[in-house]
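I opened this entry to look up one sheet and a handful of charged side chains. My notes follow the order in which I checked them.

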Protein chains: 2
Amino acid sequence: MKIRIGIVGYGNLGRGAEYAVMQNKDMELAAVFSRRVTDINPVTPGVKVFNINGAEKFIGDIDVMLLCGSSAAALPEQTPAFAKMFNVVDSFDTHAKIPEHFAKVDAAAKAGGRTAFISAGWDPGLFSVQRVILESVLPVGRSYSFYGKGVSQGHSDAIRQLDGVLDARQYSVPVEASVTAARNGENPELTARQLIRRDCFVVAKDGADKTDIERKIKSMLHYFADYDTTVTFISEEELKKNHAGLPHGGFVVRGGRTGENESSVQVCEFGLRLDSNPEFTASILTACARATYRLNKEGARGCVTVFDVPPAYYLAESAEELRRRLL
Amino acid sequence: MKIRIGIVGYGNLGRGAEYAVMQNKDMELAAVFSRRVTDINPVTPGVKVFNINGAEKFIGDIDVMLLCGSSAAALPEQTPAFAKMFNVVDSFDTHAKIPEHFAKVDAAAKAGGRTAFISAGWDPGLFSVQRVILESVLPVGRSYSFYGKGVSQGHSDAIRQLDGVLDARQYSVPVEASVTAARNGENPELTARQLIRRDCFVVAKDGADKTDIERKIKSMLHYFADYDTTVTFISEEELKKNHAGLPHGGFVVRGGRTGENESSVQVCEFGLRLDSNPEFTASILTACARATYRLNKEGARGCVTVFDVPPAYYLAESAEELRRRLL
């Protein structure tokens with residue numbers, strides 16, 4: 001019997017999740033849930049869209065819900081609410097609020113006898129696993145997380161909020177000199193500005209004050225003020241032609257020292273180059289759904305993260321087969 | 001109270017393990033065990049060397065034994081024998097024999113009420129974790145494991161066995177064209193020859209037939225016959241000067257496809273650049289010793305591998321602290 005998956009929210013992430021479920025032979029998509037039922041056409045034959053408010057009627061018919069809403073707007077309420085009724089996976093990525101989110105989801109999942117896997121993306125998620133493992137094997141050292149080159153949707157949205165802006169795309173780009181130093185195991189102290197620069201492509205409305213827009217972007221607190229930022233104004237056509245995709249990437253690198261006088265330099269790196277950031281995150285949600293399902297079957301209750309899950313739980317094969325084929 | 005570590009075998013790996021234990025504040029080295037007690041001088045103040053045959057007297061005084069002998073000669077017998085008496089970690093790396101080794105160690109550890117962590121190196125070990133996780137998140141795709149540039153001690157030893165050879169060093173070097181194709185997500189079918197080439201630096205004895213040595217190396221089954229191999233004869237001085245270290249490295253790369261028509265290319269890579277291969281493996285053994293100790297405390301009995309261990313077990317901090325700091 002296949003793992004019956006539900007998808008909650010059908011933006012880029014939810015759509016990516018639908019395609020990801022198709023790639024996993026031990027899963028099937030049971031239903032899609034959204035607030036805007038009539039706008040949505042899933043591509044999986046026979047799969048219907050239901051209003052998110054009626055999800056509780058599907059208790060017992062869905063094994064794991066993939067929560068594909070936004071970390072800012074949807075997940076803080078949605079994950080605890082759904083974790084009472086279903087096993088769930090989310091990709092909650094507001095790092096500072098993870099402890100609070102974990103506590104709420106944990107209580108809800110335990111109350112419902114469910115398993116909830118939160119923050120299951122690439123960061124938090126895959127990168128977090130690397131940070132833990134690499135720090136454990138190289139305790140004397142330093143880890144860096146670099147992001148890009150890729151589109152930051154949060155930063156793009158922040159630009160779009162400004163008066164006079166029609167559309168925008170922001171690329172995060174690792175600072176090359178810092179990348180080189182980190183990869184050489186030099187373990188420099190790096191500020192936010194030294195880690196990443198921010199390249200903005202902006203479509204201004206007719207008659208807008210471009211000098212004013214550029215000044216406002218570069219001085220925006222939290223988003224741009226602490227970074228070297230470039231602003232390039234382009235036409236709407238150029239944005240559509242050259243900046244339509246959502247590529248991303250990045251890497252975790254740790255340089256450590258071992259041996260006599262700690263004189264050996266040991267460098268480990270985990271990196272991603274993604275054509276589609278939401279599709280990749282959706283693929284992670286799907287792998288984590290399998291782990292969530294199995295953990296719940298075994299009696300696990302409450303909230304887990306990538307730190308709590310043995311790697312074998314992400315694949316369907318037996319432990320023997322995994323050892324034979326992949327160890 | 002600190003985790004009391006014993007080291008069994010004091011070659012490059014055992015010595016590296018001693019330095020690694022020093023870097024972990026929650027551990028202390030209790031004793032070193034060897035067959036050649038009088039040759040060995042541990043650098044940790046107060047730590048003594050005992051004959052390996054008397055190890056059973058230390059039951060109750062050592063929490064985890066790091067087994068640092070060779071996979072070919074020592075571990076097949078040693079790991080099961082020690083797993084009856086102690087929690088143990090080894091870096092058994094003969095891939096084809098892992099299932100058999102696992103079964104023997106599992107039975108022994110269960111009989112003794114111990115936890116045994118086998119194949120805890122970088123491959124098998126860290127690379128294996130990546131292969132499982134990356135296959136789970138990108139089920140449509142292909143994984144490659146590349147080794148080098150670095151010294152293969154097994155291949156170096158094989159050359160040293162030949163008549164007329166005084167010493168030798170063999171470097172495994174990834175084939176650049178294949179690396180590029182794999183990193184681009186082209187997912188080519190690659191033979192052994194297309195993955196790695198083998199560069200040999202050989203010191204011949206006076207009067208030896210170098211043409212014959214080169215021919216014998218290049219035709220050696222399993223080791224060289226299936227690879228593009230170069231043989232360069234050098235002096236003993238040059239070997240000592242330029243080839244004294246044991247650097248290594250390598251990477252796992254997986255290219256996958258996601259989304260509509262599986263048209264998005266997603267590439268993930270985990271790589272290492274190591275000044276010292278044995279010191280890095282020793283550092284992994286040490287991190288795995290912490291996990292082994294904790295698993296045993298919690299009641300786990302028998303054999304485990306990296307596939308069975310949640311990442312949080314590798315670090316000493318609480319789950320809350322890890323989520324706050326590294327998720």
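The entries below cover a sheet in chain B, a buried acid and several salt bridges.

**Entry 1, the sheet.** I am working with a predicted model. I looked up the strand order in chain B and found an open sheet of four strands, β8-β9-β10-β11, with mixed pairing. The edges are β8 (150-151) and β11 (228-233) of chain B, each of which pairs on one side only. I then checked β10 (residues 196-204) of chain B against β11(B): the two run parallel and are joined by six bridges. For B:Asp199 I noted B:Thr230 as the bridge partner in β11(B). Helix α5 (residues 153-160) of chain B lies across β8, β9 (165-174) and β10 of chain B, and I noted its angle to β9(B) as about 145°.

**Entry 2, B:Glu279.** I located B:Glu279 in helix α10 (residues 277-297) of chain B. What is the nearest side chain of opposite charge to this buried residue? It is B:Arg15, 8.0 Å away, and B:Glu279 has no salt bridge. I did find a polar contact from its side chain to the side chain of A:Ser264, at 2.7 Å. Leaving aside neighbours within four places in sequence, I listed the contacts of B:Glu279 as A:Thr258, A:Gly259, A:Ser264, A:Gln266 and B:Gly16.

**Entry 3, salt bridges.** I counted 38 salt bridges over all chains. Three pairs in chain B I looked at singly.

B:Arg183 and B:Glu269 meet with N to O at 2.7 Å. This pair links distant parts of the chain, 86 residues apart: B:Arg183 is in helix α6 (residues 176-183) and B:Glu269 in strand β13 (residues 264-274), both of chain B. B:Arg183 counts as partly exposed because its relative accessibility is 32%, whereas B:Glu269 is buried at 11%.

B:Lys218 and B:Glu214 form a salt bridge at 2.9 Å, N to O. I placed both in helix α8 (residues 210-218) of chain B, four residues apart, about one turn of the helix. Both entries for accessibility read partly exposed, with 36% for B:Lys218 and 26% for B:Glu214.

B:Asp167 pairs with B:Arg169, and I noted 3.9 Å between the closest N and O atoms. Is B:Arg169 buried or exposed? B:Arg169 is buried, because its relative accessibility is 11% and the cut-off for buried is under 20%. B:Asp167, at 22%, counts as partly exposed.

**Entry 4, chain A.** Last, I looked up a network of salt bridges that links A:Asp157, A:Arg160, A:Asp167 and A:Arg169.

Technical notes
Residues are numbered from 1 along each chain as its sequence is written. Chains are lettered from A and ligands numbered from 1 in the order in which they are written. This is a predicted model: local features need pLDDT of at least 70, side-chain atom pairs count only at pLDDT 80 or more; totals for chains, interfaces and linings use all residues. Side-chain values use heavy atoms; hydrogens and water are left out. Two strands pair if DSSP finds at least two bridges between them. Contact means heavy atoms within 4.5 Å. Axes are lines fitted to C-alpha atoms, for helices over the stretch in contact, and angles run from 0 to 180 degrees between N-to-C directions. Buried means under 20% relative accessible area, exposed over 50%, partly exposed in between (1.4 Å probe, protein chains only). Lys and Arg count as positive and Asp and Glu as negative; His and the chain ends are not counted. A polar contact is a pair of N or O atoms within 3.5 Å; within protein, one must be able to donate a hydrogen and the other to accept it, and residues adjacent in sequence count only if both atoms are side-chain atoms.
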